[in-house]
Amino acid sequence: MLRNFNVVTSIFRPFKYLLSTAPLGFKMVRFFPNPYDDYKPGTSLSINKDELITQINEHTKNIAKRLQPTRKKVAGGLYVGITGVSYMFYYLSKNPLLSEHKTMYLQKALEYLKPALDASQDKTSFLLGDAGTFALATVLYKELGDDHSAETLQAYKSLYNLFLNPKFVKWGGDELFVGRAGYLAGALWMSRELKTSVFTQEELHKICDTIVASGREYASKHKSPCPLMYHYYNTEYLGAAHGISFILQMLLTVPGYIHYNKSAAYDIKTSLEYLASLQTEEGNWPCCMEEVGLPEHKLVHWCHGAPGTVYVMAKAYLIYKDQRFYDACVKAGEIVWNKGLLRKGPGICHGVAGNGYVFLLLHRLTGDAKYLHRAKLFADFMNTEEFISEARLPDNPESLYEGSAGTVCFLSDLLIPDKAEFPFQDVFSTYN
């Protein structure tokens, strides 16, 4: 499985490394120039919902045709495997404007999930392995009224003690893809979907304590300027994919944790302030600590940069009501508007749909129609001849994070923008 991790995570190498391997004189053009006028206050804003539904139907038909639910397509889990397509169908089944197809969506979700349940992957990995499969299966079976829900929930919960081992993953056990933050994200998501607690607060707090202890130990050992710091394959990532921003978001999201552990709460808030201080004048964040101080940070992706870090800033603002976090969100929105029409494809990890999600977040956070206007235009751009002919075909073109399955989730959320949320990264729920 380590080999698979290396393949999947090869896209997350810092920009400095990517630049060093480019031919001399080669200039990377990462985004299309934004051809659109920004929103003018007072302008009427309309979203053609019938057109969006047509696009969703076309995408789902193509996905079903091109990516078959077989065991050969299980690798990559929720991130780039068929489990992610199962999530897409489940997500569509919850959209009230698509309710006439709910039964079909749920059956397709189950069809795409079953091969993953039959194939063993890395058990503790949320986005890449079995933990994510167990979480989705629990919710899907419950929705279908299937007794297997209790079995898959128990499989998820059986992993709990592994995450309490401080050294359970030597290459970085705290982040989203394979670590504790991902396990917490899955537990919180299941609790919300099932409308019942998966773990007690005490159990969740124990994992949070382990995350905080890990971050303190690493920060102390490596003399980090941030009281909590983490690594993944010896790189101190800052963004959502493998970095501190998603980890901090989970610590803020677990019910009652910052009130339960006051010393941890202090380090979490101080770490958030430090992370906010690293935002550039342009609105972006460095990919990793190695790149702090560089004159430019070119990755405007959910995985690395403002489009992923904005979520923890939004969560911090909602909790602390501190204007600096709100301002960081607004500033992030500007660089995504200016440089977010990525050439890397339509996906949510490092593509146009993922950047469009920033505007749906900001629309919910601020109530400003400008951001819904921007989200609509990012959706429109993916239908232009320029994008279709010049954007890169992702390695996994039908997948949830790299490909069109994630695009479908984004288009579905444009239908009901007041409920929009990036997969497994809901900022607005309080999780009792």
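Author: A polar contact here is a pair of N or O atoms within 3.5 Å; within protein, one must be able to donate a hydrogen and the other to accept it, and residues adjacent in sequence count only if both atoms are side-chain atoms. This is a predicted model, so to speak of local features we need pLDDT of at least 70, side-chain atom pairs count only at pLDDT 80 or more, and totals for chains, interfaces and linings use all residues. Residues are numbered from 1 along each chain as its sequence is written, and side-chain values use heavy atoms, with hydrogens and water left out.

Reader: OK, which backbone oxygen lies 3.0 Å from a polar atom of the side chain of Q279, besides that of G283?
Author: Q279 lies in the loop between helix 14 and helix 15 (helices are DSSP runs of H or I, at least four residues, numbered from the N terminus). Its side chain reaches the backbone oxygen of G283 at 3.0 Å. The other oxygen, also at 3.0 Å, belongs to A328.

Reader: Is Q279 buried or exposed?
Author: Buried means under 20% relative accessible area, exposed over 50%, and partly exposed in between (1.4 Å probe, protein chains only). Leaving out residues up to four places away in sequence, Q279 touches N284, W285, A328, K331 and A332, a contact being heavy atoms within 4.5 Å. With a relative accessible area of 12%, Q279 is buried.

Reader: Over which residues is the pLDDT below 50?
Author: pLDDT is the predictor's confidence in each residue, from 0 to 100. The protein chain has a mean of 93, and 93% of its residues reach 70 or more. The low stretch still has 45 contacts in the model beyond near neighbours in sequence. Where pLDDT is low, the predicted coordinates should not be read in detail, and here the values below 50 cover residues 1-27.

Reader: How far apart are the C-alpha atoms of the "binding site" residues, at most?
Author: The label comes from UniProt, in an unreviewed entry, and covers C303, C349 and H350; such annotations may be inferred rather than shown by experiment. These residues span 48 residues in sequence, yet they gather at one spot, because no two of their C-alpha atoms are further apart than 6.4 Å.

Reader: And what is the relative accessible area of C349?
Author: C303 is in the loop between helix 14 (262-277) and helix 15 (306-320), and it counts as buried at 1%. C349 is in the loop between helix 16 (323-339) and helix 17 (352-366). It is buried too, with a value of 0%.

Reader: How many aromatic pairs are there?
Author: Rings of Phe, Tyr and Trp (its six-membered ring) pair if their centres lie within 6.5 Å; planes under 30 degrees apart count as stacked, over 60 as edge-to-face and the rest as tilted. By that rule the count is 33.

Reader: At what angle are the planes of Y156 and Y183?
Author: Y156 is in helix 8 (residues 148-157) and Y183 in helix 10 (residues 180-194), 27 residues apart, so to say a link between distant parts of the chain. Both are buried. Their ring centres are 4.5 Å apart, and the pair is stacked because the planes are at 5°.

Reader: What distance separates R343 from the ring centre of F32?
Author: A charge sits over a ring if NZ of Lys or CZ of Arg is within 6 Å of the ring centre and within 35 degrees of the ring normal. R324 does this over F325, at 5.9 Å. R343 lies over the face of F32, at 4.1 Å.

How values were computed. Helix = DSSP H or I, 4+ residues; strand = E, 2+ residues; numbered from the N terminus.
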